[in-house]
Amino acid sequence: MTSLYTESSSSPSSPSNNYRYSQIRNLLERSSAFAQEDYEPGQENLDRLSEVKILIIGAGGLGCELLKSLAYMGFSNIDIIDMDTIDLSNLNRQFLFRMSDIGRPKAQVAAEFIKKRVPNCNVTYHFKKIQDMDVDFYRSFNIVVCGLDSIIARRWINGLLLSLLEYDESTNTLDTSTIIPLIDGGTEGFKGNARLILPGLTACVECTLDLYPPQVTYPLCTIATKPRLPEHCVEYARIICWDKEKPFGNDVSIDGDDTTHIKWLYEKACERANEFGIQGVTYRLTQGVIKHIIPAVASTNACIATMCATECFKLATSCSQFLNNYIVFNQSEGVYTYVFEAEKKPDCVGCNRNATVRRNLKFKKTDNLSYVIEFLCENIEYQMKSPALTAPKSDGSGSRTLYMQSIKSIEEATRPNLDKTLEELGLENGQEILVSDITSPQTLVFNLQLI
């Protein structure tokens with residue numbers, strides 16, 4: 001593949017581009033007091049940029065900025081994956097999109113735009129969920145960069161990259177060649193952060209799970225049986241009422257930008273709130289819950305994307321010391337940044353290989369299953385979204401599903417278990433409980449302790 005920095009008839013030739021490339025060339029062809037010990041100035045560093053394969057997850061505001069920054073830095077082998085299509089509300093901050101692109105896949109439009117602007121940059125798009133791609137797909141990349149607004153997706157890719165690590169069983173040492181660095185950026189309003197995760201070596205997403213804001217999804221058992229918040233009522237209208245009544249036709253899904261859809265959901269949420277004496281359901285709240293609205297500012301996305309792209313550049317060339325390992329950014333009043341080292345959690349369920357694999361879950365025999373699910377969702381250490389619980393049968397003939405939300409037929413069949421106590425379900429002290437969740441590609445094994 002031709003480097004951006006070699007003479008080519010297709011190379012961008014605008015004065016601003018030439019200046020940018022000359023600055024990068026100067027940076028990589030000279031020594032620096034801040035460079036890594038193994039850094040050697042030279043043309044090889046420029047060539048390496050076109051060899052490094054990078055995956056960008058997310059093609060929204062932050063993802064567009066990431067793609068642009070990486071392309072202009074000289075990376076020319078980039079994949080981008082996103083499951084969403086463009087809508088009107090994206091155009092005020094997702095600058096690679098135009099009015100004519102509404103309804104098209106974000107990843108596709110972003111890739112096409114960059115390939116036109118930077119001809120030497122090969123951008124491959126994937127209009128899919130990250131869970132749809134197999135392990136070999138992720139193993140093929142040198143660096144993964146996240147520009148996401150979903151904590152669930154962050155946790156999933158974090159768990160996937162951890163699962164790719166290989167160890168020397170005789171010495172219990174990590175094979176560093178199996179490490180795929182994860183660079184994660186996040187923004188909200190005028191604030192943001194960027195972090196460098198070296199799976200197996202530095203703190204992972206699960207280690208710092210308590211740094212993230214409270215969850216915006218709720219256990220189905222709470223929504224269906226014991227709503228306490230106005231958000232529970234909105235989720236009841238979205239998940240249960242919409243599926244049951246199909247107000248706009250059998251095949252019509254909820255459109256958060258359609259006022260008739262939001263109004264219908266608002267009215268149903270109000271009925272649910274009145275039934276349980278809950279205050280605070282408003283039209284604006286309903287729309288916020290349905291669309292998972294997070295304030296976005298274009299300048300914040302640009303700053304965080306630059307930080308993330310710079311870390312990719314340093315990883316690829318060793319021209320400077322890596323971020324160690326978490327930087328926060330705030331431009332609410334002036335501009336403020338701060339770097340600190342997030343530490344690995346000694347008993348992290350995600351990355352600590354020496355930690356006890358089986359964690360203890362302590363409950364009373366009289367606690368019902370819905371209480372256990374609420375605990376897994378609300379506990380700051382786990383923060384699961386829709387856990388599925390299974391337990392081995394007493395005769396050793398297999399396992400039985402206690403509750404599973406993700407498959408409608410199984411959810412309906414196991415829903416009566418929610419109100420049963422652990423004793424009524426036949427669970428015993430010391431029994432294994434297997435828990436799977438959308439936040440991780442791996443299943444956690446717990447030991448049940450009945451008090």
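Met 73 is buried, with 16% relative accessible area, because the cut-off for burial is under 20%. This is a predicted model. Met 73 lies in helix α3. Its C-alpha atom is 8.3 Å from that of Leu 49, and 24 residues of chain set the two apart.

Follow the helix to the sheet. Helix α3 spans residues 61–73. It lies across β1 (54–57), β2 (77–81), β3, β4 (143–147) and β7 (182–188). Against β4, helix α3 runs at about 140 degrees. Helix α6, residues 151–163, lies across β1, β4, β7 and β8. Its angle to β7 is about 170 degrees.

Now take the sheet itself. It is open and has eight strands. Read across, the order is β3-β2-β1-β4-β7-β8-β9-β10. The pairing is mixed. At the edges stand β3 (122–126) and β10, each paired on one side only. From one strand to the next, the twist averages 15 degrees.

One pair in this sheet is β8 and β9. Strand β8 covers residues 191–197 and pairs with β9 in the antiparallel sense, over five bridges. Here Lys 191 stands opposite Asn 330 of β9. In a regular strand, side chains alternate between the two faces of the sheet.

Step past the end of β9. Gln 331 lies in the loop that links β9 (326–330) to β10 (336–340). Is Gln 331 buried or exposed? Its relative accessibility is 18%, so Gln 331 counts as buried. What does Gln 331 touch, beyond residues up to four places away in sequence? The contacts are Phe 190, Ser 299 and Thr 300. With Thr 300 there is also a polar contact of 2.9 Å, side chain to side chain.

Next come the nonpolar cores. The largest has 47 residues. Inside it, Ile 54, Leu 67 and Phe 75 have the most contacts. Several elements each supply at least two residues of this core, among them β1, α3, β2, α4 (106–117) and α11 (298–317). β4, β8 and β9 do so too. Ile 54 shows how the parts meet. Leaving aside neighbours within four places in sequence, Ile 54 is in contact with Leu 70, Phe 75, Asn 77, Ile 78 and Asp 79, and also with Phe 141, Ile 143, Val 145 and Cys 312. A second core is separate and holds 35 residues. Ile 151, Ile 180, Val 205 and Cys 207 are included in this second core.

Cys 207 leads to the matter of disulfides. A disulfide is a covalent bond between the sulfur atoms of two cysteines. How many disulfides does the count give? The count is zero. Cys 348 shows the reasoning. Its sulfur has the sulfur of Cys 207 as its closest cysteine partner, at 3.6 Å. That is too far for a bond, because a disulfide needs the two sulfur atoms within 2.5 Å. Cys 348 has 3% relative accessibility, so this residue counts as buried. Cys 241, at 10% relative accessibility, counts as buried too.

Last comes a hairpin. Strands β12 (residues 388–392) and β13 (residues 399–403) pair in the antiparallel sense over four bridges. Leu 389 of this pair stands opposite Tyr 403 in β13. Six residues lie between the two strands of the hairpin. There, Gly 396 takes a positive phi near 75 degrees.

Technical notes: Residues numbered from 1 in each chain as written. Predicted model: local features only at pLDDT ≥ 70, side-chain atom pairs only at ≥ 80, totals over all residues. Heavy atoms only, no water. Buried < 20%, exposed > 50% of the residue type's maximum accessible area, 1.4 Å probe, protein only. Polar contact = N/O pair within 3.5 Å; in protein donor to acceptor, adjacent residues only side chain to side chain. Contact = heavy atoms within 4.5 Å. Pairing = 2+ DSSP bridges. Axes fitted to C-alpha atoms, helices over the stretch in contact; angles between N-to-C directions. Core = buried A, V, L, I, M, F, W, Y, C linked by side-chain atoms within 4.5 Å.
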